[in-house]
Amino acid sequence: RPGLIAFLTAGFPTRDDTSALVQALVDGGADIVEIGVPFSDPLADGRTIQHSDEVALAQGITLADCIDLVSQLRAEGLATPLVLMGYYNPILAMGEESFVERAAAAGLDGVIVVDLPAEEANPFKALCRGGDIDLIFLATPTTTDERLDRIAAMASGFIYCVSLAGTTGFRDELAPGLADFIARVRGHADLPLAIGFGISTPEQFAAAGELGDAVVIGTAIIDVIDRADARTRCESVRDYVEVVSGRRRANV
């Protein structure tokens, strides 16, 4: 099956829930866990993830807390690859060198900085390489061939292929032209390709998985967390991941 990259926002719905929810994602079959760093202006994200950011920020969750979460998960024995996904301002405020040093010590595997373009990423890339942290870039259907070459030269780990022109959120079907877009990226890059944005059902996961090497699911997981009863939240998340990835069939 294709790899499953599962996203959740650190500190949502509460600071104390996140570690157990990460473990539930892994128990359900997540191959990589993407931890969202709460941010006040997440331009790439739709309403659902924006809401999770607001809830986490109201609890005071910071980038330092996200790094501490990675350290906690490693101390608890979690071996699954962990990636932080967020925006550049919190990293700049912490200091790039300090971020990489602290993240590497915590056991972070990769980082996605949504608003850091490849053209301006060389210094940060060098720091990440020194800390053995993959710097993962996004490509979109509107990315030119010239920029795809630049991204392919800079990226490590995998390339995050945004399936559509728009923000994260639910979609009824995969975007038209997705197959052509993925084929175009493959023509420029040898790295694994992960497809994300707008994927929430087992059918969409399977279809995207036929095109890419991994599939990213985020909004739907945040929605499951938000709707679940607190007493069964982890079970609900684990069950959703098992079903959407095809590890087991949904109850009828």
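Here are three exercises on this structure, each with a worked solution.

The model is predicted, so local features need pLDDT of at least 70 and side-chain atom pairs count only at pLDDT 80 or more, while totals for chains, interfaces and linings use all residues. Residues are numbered from 1 along each chain as its sequence is written, and side-chain values use heavy atoms, with hydrogens and water left out.

**Exercise 1. The cysteines**

Find how many disulfides the model has.

Step 1. Take the rule: a disulfide is a pair of cysteine sulfur atoms within 2.5 Å.

Step 2. Apply the rule: the count is 0 disulfides. For Cys128, the nearest cysteine sulfur is that of Cys66, 16 Å away.

Step 3. Check Cys234. Its closest cysteine sulfur is also in Cys66, and 18 Å is too far for a bond.

Step 4. Add the surroundings. Buried means under 20% relative accessible area, exposed over 50%, and partly exposed in between (1.4 Å probe, protein chains only). Cys128 has 1% and is buried. Cys234 has 29% and is partly exposed.

**Exercise 2. The sheet**

Work out which strands stand at the edges of the sheet.

Step 1. Fix the terms. Helices (H or I, at least four residues) and strands (E, at least two) are DSSP runs, numbered from the N terminus. Two strands pair if DSSP finds at least two bridges between them.

Step 2. Read the order. The open sheet has 9 strands, in the order 5-4-3-2-1-9-8-7-6, with parallel pairing.

Step 3. Go to the ends. Strand 5 (134–136) and strand 6 (138–139) each have a single partner strand, so one side of each lacks a neighbour in the sheet.

Step 4. Look at one pairing. Strand 4 (residues 110–113) runs parallel to strand 5, joined by 3 bridges. Gly110 has Asp134 as its bridge partner there.

**Exercise 3. Ser19 and helix 1**

Decide whether Ser19 is buried or exposed, and list what touches it.

Step 1. Place the residue: Ser19 lies in helix 1 (residues 18–28).

Step 2. Read its accessibility. The value is 11%, so Ser19 counts as buried.

Step 3. List its contacts (heavy atoms within 4.5 Å). Beyond neighbours within four places in sequence, Ser19 touches Leu69, Gln72, Leu73 and Glu76.

Step 4. Widen the view. In helix 1, 8 of the 11 residues are buried. Their cover includes strand 1 (3–9), helix 3 (63–75) and helix 11 (233–244).

Step 5. Leave the helix. Just after helix 1, Gly29 takes a positive phi of about 125 degrees.
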